[in-house]
Amino acid sequence: MAIEQIKMPQLGESVTEGTISKWLISVGDKVNKYDPLAEVMTDKVNAEVPSSFSGTVKELIAGEGDTLAVGEIICTIEIEGGATEEAPAASSETESTTSASATPAPAAEEGNKGRYSPAVLKLAQENNIDLSLVKGSGAGGRITRKDLKQMIESGNIPQASAQTEAPKEAAKVETASAQPQPAAQSQPSAPALSVPVAAGDIEIPVTGIRKAIAANMLRSKHEAPHAWTMVEVDVTNLVEYRNGLKDDFKKKEGFNLTFFAFFVKAVAQALKEFPQINSMWAGDKIIQKKDINISIAVATDDALFVPVIKNADEKTIKGIGREINELAQKVRAGKLRSEDMQGGTFTVNNTGSFGSVQSMGIINYPQAAILQVESIVKRPVVMNNGMIAVRDMVNLCLSLDHRVLDGMVCGRFLARVKEILENTSKETTSIY
């Protein structure tokens with residue numbers, strides 16, 4: 001017999017942790033390779049974690065609602081014969097590690113106790129916990145994030161002393177994943193808030209996905225120095241062009257031709273001309289991305305998802321419109337896959353669909369900027385000839401990471417998007 005470990009997969013490029021929303025198996029269940037084991041939520045996607053092996057579920061190390069860092073063990077599976085099977089293809093990016101045997105020697109147990117995941121080390125450092133005094137409940141006495149959370153909630157915390165600081169620093173740190181995230185993962189730990197609750201107030205539990213969204217937003221605001229700029233765009237010709245096409249287009253193609261498709265296409269074209277905007281901060285360097293993959297925000301009643309239109313600069317307005325429609329349907333049907341969320345390099349958010357006319361978006365970390373497309377409204381505008389006319393106007397609001405981008409390049413980028421949109425018409429623009 002051999003015990004195999006299933007670890008929290010990395011379900012997205014910038015995803016550093018996931019929450020077990022539901023176990024699909026129980027201890028003692030027989031599972032086959034590729035069978036789904038659990039549903040996992042991140043700030044980007046809901047996904048199933050498949051088994052890397054065929055065997056019997058030995059232990060569920062994480063409970064429903066627990067949040068674990070990428071690479072932390074979520075459960076163990078006992079397989080017969082001790083032969084290790086290959087992990088499944090990277091559809092879930094699940095990793096596995098073989099332990100020596102189902103009944104490890106005491107020396108191996110001691111080694112396990114000294115191996116801490118990044119999430120455990122982070123929590124211990126934030127709360128000044130001496131890990132050498134903590135008894136772990138994981139395999140081989142391993143200390144889990146759940147152990148520390150229970151200890152913090154009980155208030156019975158073994159404090160680290162000056163004598164134990166040095167050994168703690170020397171502890172072996174287990175790698176979180178095949179591609180570990182930089183130290184910038186760390187986020188400030190928010191203290192528990194005491195909010196008075198009066199009669200008639202409704203307490204709404206915070207779901208795992210809402211916690212994940214909150215953590216990602218906090219990280220973005222905490223790490224990226226946000227700056228903000230806005231331009232107003234006269235889209236009168238675009239509105240006239242689209243409105244003249246929409247009915248025939250719907251009959252021919254089977255989906256709506258939205259204004260948003262025109263905006264995404266204009267942004268993709270401008271990103272090709274200003275590749276500095278299509279960048280990410282990587283600590284000691286800036287990564288300028290070759291592919292132009294536009295993330296779009298799609299909201300449900302209780303969550304926000306950010307699927308990606310890959311190589312948007314190579315697609316027509318019709319192609320972008322079709323992809324927007326398909327991704328939105330996947331989100332609302334709960335069928336979005338992890339690969340639909342990966343690879344985004346710049347985000348365009350259609351805040352105008354809610355009637356907003358001006359907003360400051362939080363950057364979709366680790367991207368360098370996010371553009372809010374506001375509502376198109378009719379306003380009186382002074383024309384070049386001095387006459388006043390009623391025009392269709394829209395505000396484009398750009399939030400930028402000032403570590404990566406400066407005002408001049410962002411101003412030129414927005415000016416180019418504005419120029420493309422204001423020159424969109426039947427005579428100049430094809431949707432095919």
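Is Phe 249 buried or exposed? At 3% relative accessibility, Phe 249 counts as buried. I start there since the residue comes back later. Before that, a word on what we are looking at: this is a predicted model.

First, the overall numbers. The protein chain holds nine helices and 22 strands. Of its 432 residues, 47% are buried. Its accessible surface comes to about 21,500 Å², and carbon and sulfur atoms account for 52% of that. As for contacts between residues at least 6 apart in sequence, 68% join residues at least 24 apart.

Now the aromatic side chains. Searching the whole structure gives four aromatic pairs. One of them is Tyr 241 with Phe 262, an edge-to-face pair with 6.1 Å centre to centre and 70° between the planes. Tyr 241 belongs to helix α6, residues 236-253, and Phe 262 to helix α7, residues 259-273; the pair links distant parts of the chain, 21 residues apart. Tyr 241 and Phe 262 are both buried.

Back to Phe 249, which pairs with Tyr 432. Their ring centres are 6.5 Å apart and their planes are at 35°, so this pair is tilted: stacked would need under 30 degrees, and edge-to-face over 60. Phe 249 lies in helix α6, while Tyr 432 lies in the segment after α9 (407-422), so the pair ties together parts that are 183 residues apart in sequence. How does burial compare across the two rings? Phe 249 is buried, as I said, at 3%. Tyr 432 has 46% relative accessibility and therefore counts as partly exposed, given that exposed means over 50%. Phe 255 joins in as well: ring pairs link Phe 249, Phe 255 and Tyr 432 into a cluster.

There is also a charge over a ring. Arg 242 places its charged end over the ring of Phe 259, at 4.3 Å from the ring centre.

Next, the surface. Which residues form a nonpolar patch there? They are Trp 228, Met 230 and Met 360, and together they have about 290 Å² of accessible area. Met 360 sits in the loop between β19 (346-349) and β20 (369-373). Its relative accessibility is 59%, and since the cut-off for exposed is over 50%, Met 360 counts as exposed.

That loop brings me to the backbone. As background, most residues other than glycine have a negative phi, and most peptide bonds are trans. Where is there a cis peptide bond? One joins Tyr 365 and Pro 366, with omega at about 5°. Pro 366 lies in the loop between β19 and β20, and Met 360 from the patch is in that loop too.

Two residues to note for phi. Tyr 34 is not a glycine, yet has a positive phi of about 80°. Tyr 34 is found in the loop between β3 (30-31) and β4 (36-41). Asn 311, also a residue other than glycine, has a positive phi near 50°. Asn 311 is placed in the loop between β18 (308-309) and α8 (317-333). At 25% relative accessibility, Asn 311 counts as partly exposed, because buried would require under 20%.

To recap, helix α6 contributes Tyr 241 to the edge-to-face pair with Phe 262, and Phe 249 to the tilted pair with Tyr 432. The loop between β19 and β20 holds Met 360 and Pro 366. That is what I have.

Notes: Residues are numbered from 1 along each chain as its sequence is written. Side-chain values use heavy atoms; hydrogens and water are left out. Rings of Phe, Tyr and Trp (its six-membered ring) pair if their centres lie within 6.5 Å; planes under 30 degrees apart count as stacked, over 60 as edge-to-face and the rest as tilted. Helices (H or I, at least four residues) and strands (E, at least two) are DSSP runs, numbered from the N terminus. Buried means under 20% relative accessible area, exposed over 50%, partly exposed in between (1.4 Å probe, protein chains only). A charge sits over a ring if NZ of Lys or CZ of Arg is within 6 Å of the ring centre and within 35 degrees of the ring normal. Patches are made of residues with over 30% relative accessible area and no salt bridge: like charges are joined within 9 Å, nonpolar side chains (Val, Leu, Ile, Met, Phe, Trp, Tyr) within 5 Å. Accessible areas come from the Shrake-Rupley method with a 1.4 Å probe; for residues, only the protein chains shown count as cover. A salt bridge is a side-chain nitrogen of Lys or Arg within 4 Å of a carboxyl oxygen of Asp or Glu. Contact means heavy atoms within 4.5 Å.
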